[in-house]
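Let's take a walk through this model together, from the inside out. Have the sequence and the coordinates open as you read.

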Amino acid sequence: MSRRDLWGGRRVLLTGHTGFKGAWMAMLLHRLDAKVFGLALAPVGQTLFEVANVASDVDHTVGDIRDLDTVKRVFAAAKPSVVLHLAAQPLVRRSYAQPVETYATKRARHRARSRCCAHDTGHRSRRRHYQR
């Protein structure tokens, strides 16, 4: 089975798609013919997301993953078979200066995944946890 066979037509919800890694993942998934839905904060400054015009390949929603109502709305619209969470605090120095915000973002992505997958009765849910 090729990667295109695996991802082609699959509905993927990608958080953090306006960040560097998220933008690359969105472009890769689009190239593999996945239907990509994104939820992320608005990009700040000149980013890969804007330079590569990733918004044209993604059903793009600007929002905060700490807002559960927004996450539920996006999840309901996307009806994803796969959820990839790349939303995070990318700058180590900023995470030291803003530890509460950094922790809240990390915690929110786990809470949102759990709550949305638990309420989604149309899909079989398999959670896998990967450690860095």
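## Starting from a covered strand

Strand β1 is mostly covered, with four of its five residues buried. Before going further, keep in mind that you're looking at a predicted model. β1 has a partner, too: β1 and β2 run parallel, and five bridges join them. If you want one spot to fix on, take Val-12, whose bridge partner in β2 is Val-36.

Now zoom out for the overall layout. The chain holds six helices and four strands, and reading along the sequence gives the pattern α-β-α-β-α-β-α-β-α-α. Of its 132 residues, 33% count as buried. Among contacts with a separation of 6 or more, 61% are between residues 24 or more positions apart. As for the outside, the accessible surface comes to about 9,000 Å², and carbon and sulfur atoms own 53% of that.

Back to the inside, then. Which residues have the most contacts inside the largest nonpolar core? That core has 13 residues, and the ones with the most contacts inside it are Trp-7, Val-12, Ala-26, Leu-29, Ala-34, Val-36 and Val-54. Both β1 (11-15) and α2 supply at least two residues each, and α2 makes the largest share, with three residues. Apart from this core lies another one, of nine residues, including Leu-13, Val-71, Val-74 and Ala-87. Val-12 and Leu-13 sit in different listings here, Val-12 in the 13-residue core and Leu-13 in the nine-residue one. It's handy to recall that in a regular strand the side chains alternate between the two faces of the sheet.

Trp-7 deserves a closer look. Not counting residues up to four places away in sequence, Trp-7 touches Val-12, Leu-29, Leu-32, Asp-33, Ala-34 and Val-82. One name in that set, Asp-33, brings us to the charged pairs.

How many salt bridges does a search of the whole structure find? Just two turn up. Side chains of opposite charge can pair when their charged atoms come close. In one of the bridges, Asp-33 pairs with Arg-4, with the closest N and O atoms 2.9 Å apart. This pair links distant parts of the chain: Arg-4 belongs to helix α1 (residues 3-7), Asp-33 to the loop between α2 (20-31) and β2 (35-40), and the two are 29 residues apart. Neither end is buried: Asp-33 is partly exposed, at a relative accessible area of 41%, and Arg-4 is partly exposed with 41% as well.

The other bridge joins the side chains of Arg-66 and Asp-64, at 2.7 Å from N to O. Here, too, you'll find partly exposed partners, Arg-66 with a relative accessible area of 33% and Asp-64 with 24%.

Next, hop over to strand β3 (residues 59-62), where Thr-61 has its place. Is Thr-61 buried or exposed? Thr-61 counts as buried because its relative accessible area is 17%, and the cut-off for buried is under 20%. Leaving aside neighbours within four places in sequence, Thr-61 is in contact with His-17, Gly-38, Leu-39, Ala-40, Arg-73 and Val-74. Val-74 is a name you've met already, as a member of the nine-residue core.

Finally, a word on confidence. The chain averages a pLDDT of 81, and 70% of the residues score at least 70. Over residues 127-132 the pLDDT drops below 50, and that stretch has four contacts in the model beyond near neighbours in sequence. Where pLDDT is low, the predicted coordinates should not be read in detail.

Methods:
Residues numbered from 1 in each chain as written. Predicted model: local features only at pLDDT ≥ 70, side-chain atom pairs only at ≥ 80, totals over all residues. Heavy atoms only, no water. Salt bridge = Lys/Arg side-chain N within 4 Å of Asp/Glu carboxyl O. Buried < 20%, exposed > 50% of the residue type's maximum accessible area, 1.4 Å probe, protein only. Core = buried A, V, L, I, M, F, W, Y, C linked by side-chain atoms within 4.5 Å. Contact = heavy atoms within 4.5 Å. Areas by Shrake-Rupley, 256 points an atom, 1.4 Å probe, with all protein chains shown as cover. pLDDT = per-residue confidence, 0-100. Pairing = 2+ DSSP bridges.
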